[in-house]
Amino acid sequence: MLFRQNVLAGIASGDVTLAFRRWTRPTVKAGGRLRTAIGVLAIDAVDEIEQGAITDSDARKAGFAGLGALLKELAARPEGRCYRIAFHRIGDDPRIALREAADLDREGRAEIGRKLARFDHSAGMAWTGSVLQLIAARDGTTAAELGAAIGMEKLKLKARIRKLKELGLTESLEVGYRLSGRGRAYLDGD
């Protein structure tokens, strides 16, 4: 579930606590968590709702100026059912602290190495080292550039780069990726 920048600011301030989406099936569930650019959200409820039951107050709680603006956005995607998602921010994205943890000891480095080897094995090709080196060479390297360089389809590679982000080795920029402090420390220690 993606949010516009102004909605993220409202979530951070606590003013935005609802979202409305039109889905063929929900992509989040009550009791789940969602990482966003402003932190982790707890999903409190996901309920199918008739569009006519949405109020002006609901629209404002979803970060819109009013009901008309929300309905216009929902109309842009006419297929699927309308859902009301209630949530609240529960804290910072734990990957941020992990990215900053650049003080890798021998065991920490070895553990990352084992995980990268599993990623490579699962993919049937050694991709992690090449991708980390390419990202290290230039901040903002895009998935399309990385995919072309290693011979992997962009969307498949993006899914795999998320694994590197989970380890705290990379981070997404507005365009492309860069190594985190942890990623640089790992590469410098090899």
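In what follows, contact means heavy atoms within 4.5 Å. With that in mind, I begin with Ile 11, which touches Phe 3, Val 16, Ile 38, Leu 41 and Phe 87, leaving aside residues up to four places away in sequence. Please keep in mind that this is a predicted model.

Ile 11 is found in helix H1, residues 5–13. Is Ile 11 buried or exposed? Its relative accessibility is 3%, and Ile 11 therefore counts as buried, the cut-off being under 20%. As for distance, the C-alpha atoms of Ile 11 and Gln 51 are separated by 22 Å, the two residues being 40 apart along the chain.

Allow me to step back to the chain as a whole. The chain has nine helices and six strands. Along the principal axes, its C-alpha atoms fill a box of roughly 60 × 35 × 25 Å. Of its 190 residues, 42% count as buried. If we take contacts between residues at least 6 apart in sequence, 67% of them join residues at least 24 apart.

I return now to Phe 3, which Ile 11 touches. The charged end of Arg 21 sits over the ring of Phe 3, at 5.2 Å from the ring centre. Phe 3 is also touched by Thr 36, whose other contacts include Leu 8, Leu 41 and Asp 93, again not counting residues up to four places away in sequence. Leu 41 thus appears in the contacts of Ile 11 and in those of Thr 36.

Thr 36 itself lies in strand S2, residues 33–36. With a relative accessibility of 11%, Thr 36 counts as buried. Where does its side chain find a polar partner? A polar atom of that side chain lies 2.8 Å from the backbone oxygen of Gly 39.

The next topic is aromatic pairing. The structure holds two aromatic pairs, and I shall describe the one formed by Trp 23 and Tyr 83. The ring centres are 5.7 Å apart and the planes stand at 35°, so this pair is classed as tilted. Trp 23 belongs to strand S1, residues 18–23, and Tyr 83 to strand S4, residues 81–91, so the pair ties together parts that are 60 residues apart in sequence. Both Trp 23 and Tyr 83 are buried.

Let me turn to helix packing. Two packed helices are described by the angle between their axes and the distance between the axes. Helix H7, residues 143–150, packs against helix H8, residues 154–166, at an angle of about 105°, and the axes are 9 Å apart. H7 is therefore roughly perpendicular to H8. Which residues make the contact? From H7 they are Ala 143, Ala 144, Leu 146, Gly 147 and Ile 150, and from H8 they are Lys 154, Leu 157, Lys 158 and Ile 161.

H8 also meets helix H6, residues 128–137, where the axes come within 11 Å and cross at roughly 85°. These two helices are likewise classed as roughly perpendicular to each other. On the H6 side the contact is made by Thr 128, Val 131 and Leu 132, and on the H8 side by Leu 157, Ile 161 and Leu 164. Leu 157 and Ile 161 of H8 therefore take part in the contact with H7 and in the contact with H6.

Beyond H8, we come to Ser 180, in the loop between strand S6, residues 177–179, and helix H9, residues 181–189. Ser 180 is buried, with a relative accessible area of 2%. A polar atom of its side chain lies 3.0 Å from the backbone nitrogen of Gly 183. Residues that Ser 180 touches, not counting those up to four places away in sequence, are Arg 99, Gly 168, Leu 169, Thr 170 and Glu 171.

Two further residues complete the survey. Ala 59 lies in helix H2, residues 56–61, and is buried, with a relative accessible area of 0%. Ala 59 touches Phe 64, Gly 66, Leu 67 and Leu 70, with residues up to four places away in sequence left out. The C-alpha atoms of Ala 59 and Asp 93 are separated by 26 Å, at 34 residues along the chain.

Finally, Leu 71 is placed in helix H3, residues 67–75. At 26% relative accessibility, Leu 71 counts as partly exposed. From C-alpha to C-alpha, Leu 71 and Ile 135 are 41 Å apart in space, and 64 residues apart in sequence.

Note on methods: Residues are numbered from 1 along each chain as its sequence is written. This is a predicted model: local features need pLDDT of at least 70, side-chain atom pairs count only at pLDDT 80 or more; totals for chains, interfaces and linings use all residues. Side-chain values use heavy atoms; hydrogens and water are left out. Helices (H or I, at least four residues) and strands (E, at least two) are DSSP runs, numbered from the N terminus. Buried means under 20% relative accessible area, exposed over 50%, partly exposed in between (1.4 Å probe, protein chains only). A polar contact is a pair of N or O atoms within 3.5 Å; within protein, one must be able to donate a hydrogen and the other to accept it, and residues adjacent in sequence count only if both atoms are side-chain atoms. Rings of Phe, Tyr and Trp (its six-membered ring) pair if their centres lie within 6.5 Å; planes under 30 degrees apart count as stacked, over 60 as edge-to-face and the rest as tilted. A charge sits over a ring if NZ of Lys or CZ of Arg is within 6 Å of the ring centre and within 35 degrees of the ring normal. Axes are lines fitted to C-alpha atoms, for helices over the stretch in contact, and angles run from 0 to 180 degrees between N-to-C directions. Angles under 35 degrees count as roughly parallel, over 145 as roughly antiparallel, 65 to 115 as roughly perpendicular and the rest as oblique.
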